[in-house]
Amino acid sequence: MAKVFYIPYTKYELQSDLTQEELVNKIHSQISNHSLIGELTAKDKRKFSGSINLSAGEFQIRKRLNYRNNFNSNLKGRIIESGDGSRVLITLKLPIFNYIFLILFCTVWVLVNPFENLF
């Protein structure tokens, strides 16, 4: 029997012909990692922000947007070396504050909606 999760997230597994080292280098070249002060003062901001562990192949990536979008998802993953290339295990989730907002919003909507037809 399949488990049902009410909080939205998804998991993917991708296969690549590249080695783990090549994938780590490609990901590392596409992301920039800044602290809060670095984010405000850095002139060289790449399209993605995040971090990657060069030896273990674990990474966290978030797309950098030029506008405000609170529902920008986070990408966590791990690169595993396999015989004919690499496997990339990816989990796509929203930040925790978005989950809190969704739970509160849906709870209020469910509580208010049954009384909507009475007035």
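This passage describes the secondary structure, sheet, core, side-chain pairs and surface patch of a predicted model.

The structure is a predicted model, in which local features require pLDDT of at least 70 and side-chain atom pairs count only at pLDDT 80 or more, whereas totals for chains, interfaces and linings use all residues. Residues are numbered from 1 along each chain as its sequence is written, and side-chain values use heavy atoms, with hydrogens and water left out.

The protein chain contains three helices and six strands. Helices (H or I, at least four residues) and strands (E, at least two) are DSSP runs, numbered from the N terminus. Along the sequence, the elements follow the pattern β-α-β-α-β-β-β-β-α. Of the 119 residues of the chain, 22% count as buried; buried denotes under 20% relative accessible area, exposed over 50%, and partly exposed the range in between (1.4 Å probe, protein chains only).

The six strands form an open sheet of mixed pairing, in the order 1-6-5-4-3-2. Strand 1 and strand 2 (31-32) occupy the edges with a single partner strand each, so one side of each is left without a neighbour in the sheet. Two strands are taken to pair if DSSP finds at least two bridges between them. In general, strands of a sheet pair through backbone hydrogen bonds, either parallel or antiparallel. Strand 1 and strand 6 are antiparallel and share eight bridges, with Leu14 opposite Val88 of strand 6. Strand 6 (residues 85-93) is also joined to strand 5 in the antiparallel sense, by nine bridges. These two strands, 5 and 6, form a hairpin with two residues between them. Across strands 5 and 6, Leu75 has Leu92 as its bridge partner, Asn74 stands opposite Lys93, and Lys76 stands opposite Thr91. Strand 5 (residues 74-82) is further connected to strand 4 (residues 58-63) through five bridges, again antiparallel; here Glu58 has Arg78 of strand 5 as its bridge partner.

The largest nonpolar core comprises 10 residues, namely Leu23, Val24, Ile27, Ile31, Ile52, Phe59, Ile61, Ile79, Val88 and Ile90. Helix 1 (20-30), strand 4 and strand 6 are the elements that give two or more residues to this core, and helix 1 provides the largest share, three residues. A nonpolar core is defined as a set of buried Ala, Val, Leu, Ile, Met, Phe, Trp, Tyr and Cys residues joined through side-chain atoms within 4.5 Å. In soluble globular proteins, nonpolar side chains tend to be buried together. Val88 thus appears both in this core and opposite Leu14 in the sheet.

Gly57 is located in the loop between strand 3 (48-52) and strand 4. Gly57 is buried, with a relative accessible area of 0%. The C-alpha atoms of Gly57 and Glu21 are 8.2 Å apart in space, although the two residues are 36 residues apart in sequence.

A search of the whole structure yields one salt bridge (a side-chain nitrogen of Lys or Arg within 4 Å of a carboxyl oxygen of Asp or Glu). The pair consists of Glu13 and Arg87, whose closest N and O atoms are 3.0 Å apart. Distant parts of the chain are thereby linked, with Glu13 in strand 1 (residues 9-16) and Arg87 in strand 6, 74 residues apart. Arg87 counts as partly exposed, at 28% relative accessibility.

One aromatic pair is likewise found in a search of the whole structure. The ring centres of Phe101 and Phe105 are 5.9 Å apart and the planes stand at 25 degrees, so the pair is stacked. Rings of Phe, Tyr and Trp (its six-membered ring) pair if their centres lie within 6.5 Å; planes under 30 degrees apart count as stacked, over 60 as edge-to-face and the rest as tilted. Both residues lie in helix 3, four residues apart, about one turn of the helix; helix 3 spans residues 96-112. Phe101 is partly exposed, with a relative accessible area of 44%.

Phe101 and Phe105 also belong to a nonpolar surface patch with Phe71, Trp109 and Val110, which together have about 560 Å² of accessible area. Patches are made of residues with over 30% relative accessible area and no salt bridge, like charges being joined within 9 Å and nonpolar side chains (Val, Leu, Ile, Met, Phe, Trp, Tyr) within 5 Å. Accessible areas come from the Shrake-Rupley method with a 1.4 Å probe; for residues, only the protein chains shown count as cover.
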